[in-house]
Amino acid sequence: MSELLKNIDARTKLAGTNKLEILLFFLGVDHRTGRRETYGINVFKVREVMRTPVITAAPDMPPSVEGMVSLRGALVPVIDLAKYSGISPETPREIMIVTEYNGHTQGFLVEGVDTILRLDWSKMRVPPEMLTSQTGGLVTAVTELEDNRLVMMMDVEKVLSETSSIDNEIMFRGVVAVDKPDCTVFYCDDSSVARKQIERTLAAMGVRGISAVNGRQMWEEMEKVAIYAQSIGKPASSMISLILTDIEMPEMDGYILTKKIKSDPRFNGIPVIMHSSLSGMSNQKLGASVGVDEYVPKFEPLRLSETLARRLGVDTAPVRVA
């Protein structure tokens, strides 16, 4: 298994080129269709692939959480992706993909892994709306292989949010409302869970937000705003207060989006904040190299709100009522 992921650090060089590498895996034959579908996960989020170790069951866990294992002294929760996805394969899940993102480490049980595929983000397509509604947003992108197989990218952030407490209401209690009715934050993320958290954060702040599911859609919206702003003799910055972007997105990733924004004089003065679960220093440095103004990890609404308020020029000190 180690050969499959060797030299993984070198893969960070792909960032900023609109390319990615995905690990292909299987969950078993879906009894609903009779087919063994192919799924994918970004290699950036994979720490290792290993044979499934002995799992210690724990009480009061969600149905898809099998228990926990000890990896080099750290306790790691183990999630059965087949159970989570509603698949009931007869084959055992003998492989565990250990993932790490946004400070969380977890093991995903799968039937098997195939290979690592390198491709351009432009080859990753936003799934049809019907598929998105049927899967509850679990599939964020789809690509077609040369052998005509379709690969579905799983929203691992959605899996994490629904098997842990990262979407807990308590997380939003410290968000302070600000007096900026004229501010508009443009944000893009292919994860429905992440977009919902951003939406809730902005709503708690009292700041208007406009969303997009990927960098390409966001860029198209920004160009429309820039054209309109120019037609009325105003800068685009008078209509777009700030850009909040994810890194991993189909069709156009956050690095390419930032490059386009920072190289276009129409968007001068608009700060770009990278909001991602890829929280390693290498990703932050890559973001800075393409012009990102600041980096904020996902699933930290309070920290996000404080960063947004500061960038919008707002004092977030609580208002005292006499």
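Me: Let's start with β14. How many of its residues are buried?
Reply: This is a predicted model, and in it 5 of the 5 residues of β14 are buried, so the strand counts as mostly covered.

Me: Which residues sit on which side of β14?
Reply: Val272, Met274 and Ser276 are on one side, while Ile273 and His275 are on the other. Both faces are covered.

Me: Okay, and how many bridges join β13 to β14?
Reply: There are 3 bridges between β13 and β14, and the two strands run parallel. One pairing to look for is Ile243, whose bridge partner in β14 is Val272.

Me: What does the chain pass through on the way from β13 to β14?
Reply: The chain goes through α6, making a β-α-β crossover that is right-handed.

Me: And how many bridges join β14 to β15?
Reply: That pair has 4 bridges, again with the strands running parallel. If you want a spot to click on, His275 stands opposite Val296 in β15.

Me: Switching to α8. Which of its residues are buried?
Reply: Helix α8 covers residues 301-311, and its buried residues are Pro301, Leu304, Ser305, Thr307, Leu308 and Ala309.

Me: Why would residues three or four places apart point the same way?
Reply: An α-helix has 3.6 residues a turn, so positions with that spacing face the same direction.

Me: What covers the buried residues of α8?
Reply: The cover includes α4 (192-205), β13 (242-245), β14 (272-276) and β15 (294-297).

Me: What about the backbone just after α8?
Reply: Gly313 is there, with a positive phi of about 75°.

Me: Which sign of phi do most residues other than glycine have?
Reply: Negative, for most of them. Still, Phe299 has a positive phi of about 65° and is not a glycine. Phe299 sits in the loop between β15 and α8. Asn148 is not a glycine either, and its phi is positive at about 75°. You'll find Asn148 in the loop between β9 (139-144) and β10 (150-154).

Me: Is Phe299 buried or exposed?
Reply: Buried, because its relative accessibility is 7%, and the cut-off for buried is under 20%.

Me: And Asn148, buried or exposed?
Reply: Exposed, since Asn148 has 58% relative accessibility.

Me: Last one: where is Pro265?
Reply: Pro265 is in the loop between α6 (254-262) and β14. At 60% relative accessibility, Pro265 counts as exposed. Its C-alpha atom is separated by 9.8 Å from that of Ala236, and the two residues are 29 residues apart along the chain.

Note on methods
Residues are numbered from 1 along each chain as its sequence is written. This is a predicted model: local features need pLDDT of at least 70, side-chain atom pairs count only at pLDDT 80 or more; totals for chains, interfaces and linings use all residues. Side-chain values use heavy atoms; hydrogens and water are left out. Buried means under 20% relative accessible area, exposed over 50%, partly exposed in between (1.4 Å probe, protein chains only). Contact means heavy atoms within 4.5 Å. Two strands pair if DSSP finds at least two bridges between them. A crossover is right-handed if, with the strands pointing away from the viewer, the path from the first strand over the helix to the second runs clockwise.
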